[in-house]
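Thanks for making time this morning. I would like to walk you through one structure, going from its surface to its interior, so please have it open in front of you.

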Amino acid sequence: MADRAAAGEERPSRGARRRQPLLVVVLLAVSSVCALSLGTPYVPPHRLVAAVLEGDTTLAGIVVSELRVPRLLLALVAGACLGAAGLVLQEALRNPLAVPEMLGVSSGAALGVAAPLVLAFSLPAAVQPLPAIGGAALGGGLTLLVAGIGRSPSAVLLTGAAVAAALQAALLVLMVMADQLDLQLIYRYLLGSLSARTWDDVTDLWPWLLVAVPALVLCAPVLSVLRLGDEDAEALGVRAQRARLAALAIAVVLIAPVTAVCGPVAWVGFLAPHLSRWFAPAAGAVRWLPWSAAWGAVVVAVADVPARLALAPVETPAGAWTALLGVPVGVALMRSGGRRRAARHGQEATAGTREQSSELRNTASGATDEVPPTGVSRHAHRGEPGPGGPASPPLGTVGTEDVR
């Protein structure tokens, strides 16, 4: 029964793992076609290839190749970075609620972008991500410093919420100082928008990705060790505090350039890791990481379609849609995963109890087999012939002959 229950528990997860690649590919394909075709002007799907590859000089071709394609690529890259960064933070801190928005990383990056704009500091385009990276590093480093350099994951999360609130308060002060035009730009930026993004915005991300992606690949096995706890990680030779600081640094390099370009797209780093865990609950960080990046790209690409078309001709920020849909879906996935883990633990406990009962019954039956049969003992005691041969001499007679 326990084996059948365990097999029944494994079948849905195996089916979900098989459906995950198909679902990701379908959602990416549908959202990409919608992002490139829908809008003003409308471009039929069969003309997309010609508009992108053959250099169509019509209005539709220019809109697709110069506006919609870079916007779609930026959505995919930004979503992948945020999804991977969310998984890194959650695994490093061993908390499913550890997201960039609650650790001061996103708020620090937004403050680093808004400060030069309000204070009228002109920066070259090549170094525009640097203030965002500095702000993100400030927020994350301050969180770990106040929490005791990462000694307690729960303390890090609570401290991060306080640091994020303080950075948001500083950002509000800057917004009070801004004029009307800068205030509108900051407001739209803080909600996370992909509007009016070009190829220059996409190319500004590649140098940072060349640094972050190899570090992310090297960090994935360490995240699996940190999941065991600080004491077990130390026993395996991993210094938990340094590993946690390194994970935060990688998350900062992933989040800050994206935040500098399109603002803090909210709750993508919360939803994408939970989607990857729901489809493969028994996997580890090494397998969750690429799927978390893929789901992050799916979430942002799908959310940008209604952000651009729902209230056309007015565009709504993509971050508003990711927050609106990401929080309830993420909470539902957490509850579903908790029930699944509780059911699995209950089945394991029941199977263990049944194994112990079976061992006890086997032990008792073995002890009973060692006792001589009752009938044989009775015949031997009375000196009567037994069922298998002549009678044995009485015990008293044997004893007398031995004495004599």
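Phe121 counts as exposed in this predicted model, because its relative accessibility is 56% and the cut-off for that word is over 50%. If you look for Phe121 along the chain, you will find it in the loop between H4 and H5. Together with Leu119, Val173 and Met177, Phe121 forms a nonpolar patch on the surface, and these residues have about 420 Å² of accessible area between them.

Let me now turn to the interior. As a general background, nonpolar side chains in soluble globular proteins tend to be buried together. Here the largest nonpolar core has 70 residues, and those touching the most other members are Leu103, Val105, Leu216, Leu223, Leu254, Leu289 and Trp295. Several helices, including H3 (59-93), H9 (206-226) and H13 (285-309), each supply at least two residues of this core, while the largest share, 14 residues, comes from H11. Apart from this core lies another, of twelve residues, with Val118, Leu171, Ala178 and Tyr189 among them.

To take one residue of the largest core, Leu103 is, once its neighbours within four places in sequence are left aside, in contact with residues including Leu89, Leu93, Gly139, Thr143, Val156 and Gly160.

Finally, the cysteines: what does a search of the whole structure find in the way of disulfides? The search finds zero. Cys219 counts as buried because its relative accessibility is 8%, whereas Cys34, with a relative accessible area of 24%, is partly exposed.

Methods: Residues numbered from 1 in each chain as written. Predicted model: local features only at pLDDT ≥ 70, side-chain atom pairs only at ≥ 80, totals over all residues. Heavy atoms only, no water. Core = buried A, V, L, I, M, F, W, Y, C linked by side-chain atoms within 4.5 Å. Buried < 20%, exposed > 50% of the residue type's maximum accessible area, 1.4 Å probe, protein only. Helix = DSSP H or I, 4+ residues; strand = E, 2+ residues; numbered from the N terminus. Contact = heavy atoms within 4.5 Å. Patch = residues over 30% accessible without salt bridge, like charges linked within 9 Å, V, L, I, M, F, W, Y side chains within 5 Å. Areas by Shrake-Rupley, 256 points an atom, 1.4 Å probe, with all protein chains shown as cover. Salt bridge = Lys/Arg side-chain N within 4 Å of Asp/Glu carboxyl O. Disulfide = S-S within 2.5 Å.
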